[in-house]
Amino acid sequence: MKKMSNIYESAANTLGIFSSPCLTKVELRVACKGISDRDALSKPDPCVILKMQSHGQWFEVDRTEVIRTCINPVYSKLFTVDFYFEEVQRLRFEVHDISSNHNGLKEADFLGGMECTLGQVSFHSCPLTTFQRSIHRK
């Protein structure tokens with residue numbers, strides 16, 4: 001099975017998404033604080049899905065592991081994204097409550113999300129510091 005990042009790179013090359021050469025790779029770590037759950041009887045089992053926008057469509061790049069019963073998850077998954085100079089790369093981080101019975105998104109509750117550009121994240125501050133945003137429920 002191919003890794004999501006390989007699928008992303010293949011799709012990007014095939015579709016000609018980016019016209020400029022890859023400048024560098026950016027590594028992103030994700031953590032959430034104070035996630036509220038839609039189920040008042042239990043804590044969420046959150047997973048973060050990273051999506052990128054291309055030609056007006058959002059597609060999944062990768063996702064974190066599911067951390068069971070946690071409102072303040074710190075994910076070990078490291079997202080690696082190609083950074084293209086002079087290209088606006090839109091990112092969407094979606095937080096889903098993945099049921100213990102299955103890992104599919106069809107059965108998951110959407111808990112919130114946020115959008116930004118890769119430039120905002122990578123140039124917001126020095127390496128190894130934090131870029132914080134509040135998530136919004138739909």
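These legends describe close-up views of a predicted model.

**View 1. The whole chain combines 2 helices with 6 strands.**
Along the sequence, the elements follow the pattern α-β-β-β-β-β-β-α. The chain has 138 residues, and 37% of them are buried. Its accessible surface is about 8800 Å². Carbon and sulfur atoms account for 52% of that surface. Take the contacts between residues at least 6 apart in sequence: 64% of these join residues at least 24 apart.

**View 2. Four strands form an open sheet.**
The strand order is β3-β2-β5-β6. Pairing is antiparallel. Strands β3 (57-63) and β6 (109-117) are the edges, and each pairs on one side only. From one strand to the next, the twist averages 30°. In general, strands of a sheet pair through backbone hydrogen bonds, in either a parallel or an antiparallel sense.

**View 3. Strands β2 and β5 pair in the antiparallel sense.**
Strand β2 covers residues 46-54, and strand β5 covers residues 90-97. The two are joined over 7 bridges. One residue to pick out is Cys-47, whose bridge partner in β5 is His-96. Cys-47 is buried, with a relative accessible area of 1%.

**View 4. The cysteines form no disulfide: the structure holds 0.**
A disulfide is a covalent bond between the sulfur atoms of two cysteines. The cut-off for calling one here is 2.5 Å between the sulfur atoms. For Cys-32, the closest cysteine sulfur belongs to Cys-70 and is 8.9 Å away, too far for a bond. Cys-47 is in no disulfide either. Its nearest cysteine sulfur is that of Cys-32, at 9.8 Å. Cys-32 is buried, at 14% relative accessible area. Cys-47 is buried too, at 1%.

**View 5. His-55 has a positive phi in the loop between β2 and β3.**
The phi of His-55 is near 55°. This is a positive value in a residue other than glycine. The residue is found in the loop between β2 and β3. His-55 counts as exposed, at 64% relative accessibility.

**View 6. Glu-86 also has a positive phi, in the loop between β4 and β5.**
Its phi is near 65°. Glu-86, like any residue listed with this feature here, is not a glycine. The loop that holds Glu-86 follows β4 (74-84) and leads to β5. Glu-86 is exposed, with a relative accessible area of 71%.

**View 7. Glu-60 and Arg-63 meet in a salt bridge.**
The N to O distance between these side chains is 2.8 Å. Both residues are partly exposed: Glu-60 at 23% relative accessibility, Arg-63 at 27%. The count for the structure comes to 7 salt bridges.

**View 8. A salt bridge links Asp-62 to Lys-77.**
The N to O distance is 2.9 Å. Asp-62 lies in strand β3 and Lys-77 in strand β4, so the pair ties together parts that are 15 residues apart in sequence. Asp-62 counts as buried, at 13% relative accessibility. Lys-77 counts as partly exposed, at 22%. The boundary between these two classes is 20% relative accessible area, so Asp-62 falls under it and Lys-77 does not.

**View 9. Arg-92 and Glu-94 form a salt bridge within a network.**
The closest N and O atoms of Arg-92 and Glu-94 are 3.6 Å apart. Salt bridges that share partners join Lys-51, Arg-92, Glu-94 and Glu-115 into one network. Arg-92 is buried, and Glu-94 is buried as well. The cut-off for a salt bridge is 4 Å, so the 3.6 Å separation of Arg-92 and Glu-94 qualifies.

Note on methods. Residues are numbered from 1 along each chain as its sequence is written. This is a predicted model: local features need pLDDT of at least 70, side-chain atom pairs count only at pLDDT 80 or more; totals for chains, interfaces and linings use all residues. Side-chain values use heavy atoms; hydrogens and water are left out. Buried means under 20% relative accessible area, exposed over 50%, partly exposed in between (1.4 Å probe, protein chains only). Two strands pair if DSSP finds at least two bridges between them. Axes are lines fitted to C-alpha atoms, for helices over the stretch in contact, and angles run from 0 to 180 degrees between N-to-C directions. Contact means heavy atoms within 4.5 Å. Accessible areas come from the Shrake-Rupley method with a 1.4 Å probe; for residues, only the protein chains shown count as cover.
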